[in-house]
Amino acid sequence: MENQVVIKCGGSTLEGLPASFYTDIKELQDEGTAVTIVHGGGPAISATLKQMGIEPQFVDGLRVTDAATLQVAQMVLIGQTNKQIVSRIQAAGGRAAGISGIDGATIQVVQGPAHLGFVGDIHCVHGELIAALGDAGFIPVIAPLGIDGDGQIYNINADTAAGAVAGAAGTKRLIMVTDVPGVMQEKDGVRQVLPELDKEKIAELIADGIIYGGMIPKVRAALDALGNNVEEVWIINGYEPGILKKVAAGEAVGTKIVKEGKVNAQ
Ligand SMILES: Nc1ncnc2c1ncn2[C@@H]1O[C@H](COP(=O)(O)OP(=O)(O)O)[C@@H](O)[C@H]1O
Ligand SMILES: CC(=O)N[C@@H](CCC(=O)OP(=O)(O)O)C(=O)O
């Protein structure tokens, strides 16, 4: 299909996404857009870790992943979150198939920085399994785990995974669905959405602590995707009814991440 979109569903939103969100995904597919979903599940992983008496730890929005944490991440991402999304798309009348980046070595990684433990740096994306599912009429739903050349499994931030999948597939649009209306900054005492951001502005906002935590991997993955020929990256709020259709129609919603020097005056 000509028209491709990767939609990253953040774990922050999964419990609260309206049924219409999944109907919109099905309709986009019906209208001829090849939709691939990459999902997170950070809050659910953290909740399970806490139930087990393990305190979650993050560095710049990335989870420090020891062997026990990796097991929990696999259990939650594959066993819980992935199937939740697949079942909701199917309840909306669509057909979806859940995999993780482990299957078909779809997301090939190497060990990332040692202090993060089993967190993979993406080496390459093998898109054959995603393409095969799409060609057979299924919406691929991908959990953010990867595998190295020795068969070791790694945890991957879902924003990073989505950016890499979009870049490898030559996708036009990457839509990051989260629980806030976009990247926000306080202006005149009011928190406002920044409609456009480029690399320079993002670096400034991270340095000033205005972009922090889980928003850091999101904006970094957005910039990486633009560097890999993805044309448009959006950060939007999944709770807003009809938001996917608004993006598809080119309406100005959320924050659009643009290539360096292309930011419009605000
Ligand atoms: N400048 C910012 N504007 C909006 N949200 C921000 C900003 N900086 C950090 N955040 C945080 O990033 C969160 C979204 O990232 P994350 O929790 O990882 O969500 P997701 O699970 O959707 O990936 C927001 O809920 C907010 O707490
Ligand atoms: C390495 C790393 O941070 N992995 C993430 C994977 C899930 C994720 O990214 O979920 P969200 O999109 O909901 O944040 C984690 O363990 O939380």
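**View 1. Just past helix α6, we meet G209 with a positive phi.** In this predicted model, G209 follows α6 and has a phi near 75 degrees. It is a handy place to start before stepping back into the helix itself.

**View 2. The buried residues of helix α6 (residues 199-207).** Look here for K199, K201, I202 and L205, which are the buried residues of α6. They lie on the same side of α6 because the arc they cover around the axis is only 160 degrees. If you would like the background to such a pattern, an α-helix has 3.6 residues a turn, so residues three or four places apart point the same way. The cover over the buried residues of α6 includes β12 (184-187), β14 (196-197) and α7 (215-227).

**View 3. The face of α6 turned away from its buried side.** Here you will find E200, E204 and A207, the exposed residues that this face carries.

**View 4. Helix α2 (residues 42-51) packing with helix α3 (residues 67-91).** The two helices pack at an angle of about 125 degrees, and their axes are 9 Å apart. That angle makes α2 oblique to α3. Their crossing is right-handed.

**View 5. A closer look at the residues where α2 and α3 touch.** From α2, the contact takes in A44, I45, T48 and L49. On the α3 side, the partners are T69, V72, A73, V76, Q80 and T81. Sorted by class, the contact has 6 nonpolar and 4 polar residues, with no charged ones.

Conventions. Residues are numbered from 1 along each chain as its sequence is written. Chains are lettered from A and ligands numbered from 1 in the order in which they are written. This is a predicted model: local features need pLDDT of at least 70, side-chain atom pairs count only at pLDDT 80 or more; totals for chains, interfaces and linings use all residues. Axes are lines fitted to C-alpha atoms, for helices over the stretch in contact, and angles run from 0 to 180 degrees between N-to-C directions. Helices (H or I, at least four residues) and strands (E, at least two) are DSSP runs, numbered from the N terminus. Angles under 35 degrees count as roughly parallel, over 145 as roughly antiparallel, 65 to 115 as roughly perpendicular and the rest as oblique. A crossing is left-handed if the near helix is turned anticlockwise from the far one by less than a right angle, and right-handed if clockwise. Two residues are in contact if their C-beta atoms, placed from the backbone, lie within 7 Å. Ala, Val, Leu, Ile, Met, Phe, Trp, Tyr, Cys and Pro count as nonpolar, Asp, Glu, Lys and Arg as charged, and the others, Gly among them, as polar. A residue is buried if 20 or more other C-beta atoms lie within 10 Å of its own, exposed if 12 or fewer, and partly exposed in between; C-beta atoms are placed from the backbone. The arc is that of the directions from the helix axis to the C-beta atoms.
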